[in-house]
Amino acid sequence: MINLKIALEHIDGIVINPGETFSFWKLVGKTTKAKGYIEGLMLSHGEIRTGTGGGLCQLANMLFWLALHTPLEIKERHHHSFDIFPDDRRVVPFGTGTSVFYNYVDLQFYNPTNFTFQFNIFLSDEYLEGTINCNADLEFIYKVEERNHQFYQNEDRWYRGNEIWRMEISKHDNENLVNEELIIKNNSEVKYMKSNEFTESL
């Protein structure tokens, strides 16, 4: 929670004006002990380890999920190379998580519209929560849909893949689908069970 609280000071309330690009690391900066950051969990090179400022992927995940529900363009986003959480702990589709690592693995959004968007992120007693607001009433709503989900085996390892699509739906024309966009194609190694246990569960 400490690392999230420090990073939120730079993220909460941030505005993305028309033509502007949001950059996670440009706002947060390097996570150092001098700034108050402590050791936390990090996902790196296929393993879980600790590092100063660890845990900020939770914040990046929230920002990415919110941005998917707007017309903001995903300029840079990196998915984790492995999947560590079974679905009983998952509240959003597999593959909508985000990897960030200072200063070369960034999360960036571009605002191609004539509208202004604002992120509002906060910590409750138990959860990281957030909203994204616009200065105008948009003509469309945006929904996220998972497609082509599959588990597959390669030699002695199991992998998981899917596609994440963003649906643009008219608010005024009987909720007709206006556009759909493939945002992500995910392929990640499954880490939370052994191959024989996984086979038995299928």
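I started at Asp 106, which sits in the loop between β6 (82–83) and β7 (108–110). Strands here are DSSP E runs of at least two residues and helices are H or I runs of at least four, numbered from the N terminus.

Note to self: this is a predicted model, with local features needing pLDDT of at least 70 and side-chain atom pairs pLDDT 80 or more, while totals for chains, interfaces and linings use all residues. Numbering runs from 1 along each chain as its sequence is written, and side-chain values use heavy atoms, with hydrogens and water left out.

I checked burial next. Asp 106 is buried (under 20% relative accessible area, 1.4 Å probe, protein chains only). I found no salt bridge for Asp 106, taking that as a side-chain nitrogen of Lys or Arg within 4 Å of a carboxyl oxygen of Asp or Glu. The nearest side chain of opposite charge is Lys 75, 9.0 Å away.

What does the side chain of Asp 106 make a polar contact with? I get the side chain of Ser 23, at 2.6 Å. The Asp 106 side chain also reaches the backbone nitrogen of Trp 25 at 3.1 Å. A polar contact is a pair of N or O atoms within 3.5 Å, one able to donate a hydrogen and the other to accept it within protein; residues adjacent in sequence count only if both atoms are side-chain atoms.

I then listed contacts (heavy atoms within 4.5 Å). Beyond four places in sequence, those of Asp 106 include Phe 24, Glu 76, Arg 77, His 78 and Val 100.

Zooming out, I noted 4 helices and 12 strands in the protein chain. Of its 202 residues, 41% count as buried.

How values were computed. Buried means under 20% relative accessible area, exposed over 50%, partly exposed in between (1.4 Å probe, protein chains only). Lys and Arg count as positive and Asp and Glu as negative; His and the chain ends are not counted.
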